Amino acid sequence: MKRILVTGGAGFLGSHLCERLLNEGNEVVCVDNYFTGNKQNIIHLMKNPNFELIRHDVIQPIYLEVDEIYNLACPASPIHYQYNPIKTVKTSVMGAINMLGLAKRINAKILQASTSEIYGDPNLHPQPEEYWGNVNPIGLRSCYDEGKRCAETLFFDYHRQNKVKIKVIRIFNTYGPNMHPKDGRVVSNFIMQALHNEDITIYGNGEQTRSFCYCDDLIEAMIRMMNTDDSVTGPINIGNPNEFTIRQLAEMVIELTGSKSKIVYQPAVADDPTQRQPIIDKAKEILHWEPTVQLREGLLKTIDYFKKLNL
């Protein structure tokens with residue numbers, strides 16, 4: 001049994017990770033300040049004696065004894081991270097410093113949940129880990145993009161200077177149960193609009209592309225990355241390389257929900273990437289991982305989750 005800290009553990013991905021780690025027989029300490037996390041995501045875990053829940057903001061240091069740290073704490077949807085952009089930067093940067101400091105003191109392995117947003121609106125398509133990105137440093141999305149980029153810098157500097165055992169993954173668009181119904185992400189937006197037979201809103205012409213990875217596949221990759229030997233630091237892209245346009249996603253959601261919704265178009269959002277598709281060769285080679293859940297199957301599971309919510 002390992003004692004494992006998950007920051008952002010009551011969030012969308014964090015809650016799935018906590019459950020998986022508990023099912024594997026570990027002791028899990030979940031830390032969350034509930035800005036975007038939801039206690040309902042992890043309430044069913046409370047009866048497990050190996051689960052501990054702490055309300056805490058990673059901007060402040062925390063002192064624990066653990067073997068591994070998964071650092072997932074940060075709002076990840078534009079609606080939430082733009083609500084308080086200064087706090088978003090603090091969460092990424094100061095949160096990384098505090099968690100890296102903890103890992104240094106207790107000699108714990110630490111994994112950073114970074115993001116494909118570090119590539120910005122890429123000039124190179126699809127995106128390998130060697131690509132440095134095309135990011136607007138002063139735009140509306142910069143608080144998240146640059147915060148995550150700085151966090152990666154901190155991780156590698158702590159590794160080089162203090163020999164901290166780090167793991168960095170770059171998460172591409174991920175979806176599934178436990179998503180916040182009003183987080184503003186494209187999958188949850190479309191499903192919510194379709195279930196209410198409202199117009200499905202596409203910002204731009206709908207030709208911009210995304211690659212959608214189901215949450216269970218993502219968690220599997222995350223755990224495999226943590227379990228690699230200390231020589232493997234990353235960064236490693238984690239995502240589904242199957243590329244879809246936003247219009248294709250909207251059409252599929254309408255079909256799978258049996259909705260009467262119509263697609264409507266609004267002006268494009270500033271700095272919204274036109275293309276997003278990972279090269280996952282490193283994940284295949286190092287982690288022996290690739291996604292197994294395809295978009296149609298994953299959407300059906302996600303739609304079923306949203307149908308059961310009391311909205």
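1. In this predicted model, helix 1 (residues 12–23) packs against helix 6 (residues 215–226) at an angle of about 60°, and their axes lie 10 Å apart. Helix 1 and helix 6 are therefore oblique to each other. Their crossing is right-handed.

2. The contact between these two helices draws on residues from both sides. Helix 1 contributes Phe 12, Leu 13, His 16, Leu 17, Arg 20 and Leu 21. Helix 6 contributes Cys 215, Asp 216, Leu 218, Ile 219, Glu 220, Met 222 and Ile 223. By class, the residues of the contact of helix 1 with helix 6 comprise 9 nonpolar, 1 polar and 3 charged.

3. A second helix pair is formed by helix 7 (residues 246–257) and helix 9 (residues 295–308), whose axes come within 10 Å and cross at roughly 55°. That angle makes helix 7 oblique to helix 9. Helix 7 passes helix 9 in a crossing that is right-handed.

4. On the helix 7 side, this contact is made by Leu 249, Met 252, Val 253, Glu 255, Leu 256 and Thr 257. On the helix 9 side, the residues are Leu 295, Arg 296, Leu 299, Leu 300 and Ile 303. The contact of helix 7 with helix 9 divides into 8 nonpolar residues, 1 polar and 2 charged.

5. Aromatic rings deserve a separate point. A pair of aromatic rings is described by the distance of the centres and the angle of the planes. The count for this model comes to 6 aromatic pairs. In one of them, the ring centres of Tyr 81 and Tyr 144 are 4.6 Å apart and the planes stand at 5°, so the pair is stacked; the cut-off for stacking is planes under 30 degrees apart.

6. The stacked pair links distant parts of the chain, with Tyr 81 in helix 2 (residues 78–81) and Tyr 144 in helix 4 (residues 142–162). The two tyrosines are 63 residues apart.

7. Are the two partners of this pair buried or exposed? Tyr 81 has a relative accessible area of 1% and is buried. Tyr 144, at 6% relative accessibility, also counts as buried. Both assignments rest on the cut-off for burial, which is under 20% relative accessible area.

8. The model also contains an aromatic cluster. Tyr 119, Tyr 131 and Phe 172 together form this one cluster.

Conventions
Residues numbered from 1 in each chain as written. Predicted model: local features only at pLDDT ≥ 70, side-chain atom pairs only at ≥ 80, totals over all residues. Heavy atoms only, no water. Axes fitted to C-alpha atoms, helices over the stretch in contact; angles between N-to-C directions. Helix = DSSP H or I, 4+ residues; strand = E, 2+ residues; numbered from the N terminus. Parallel < 35°, antiparallel > 145°, perpendicular 65-115°, else oblique. Left-handed = near helix turned anticlockwise from the far one by under 90°. Contact = heavy atoms within 4.5 Å. Nonpolar A, V, L, I, M, F, W, Y, C, P; charged D, E, K, R; others polar. Phe/Tyr/Trp six-rings, centres within 6.5 Å; stacked < 30°, edge-to-face > 60°. Buried < 20%, exposed > 50% of the residue type's maximum accessible area, 1.4 Å probe, protein only.
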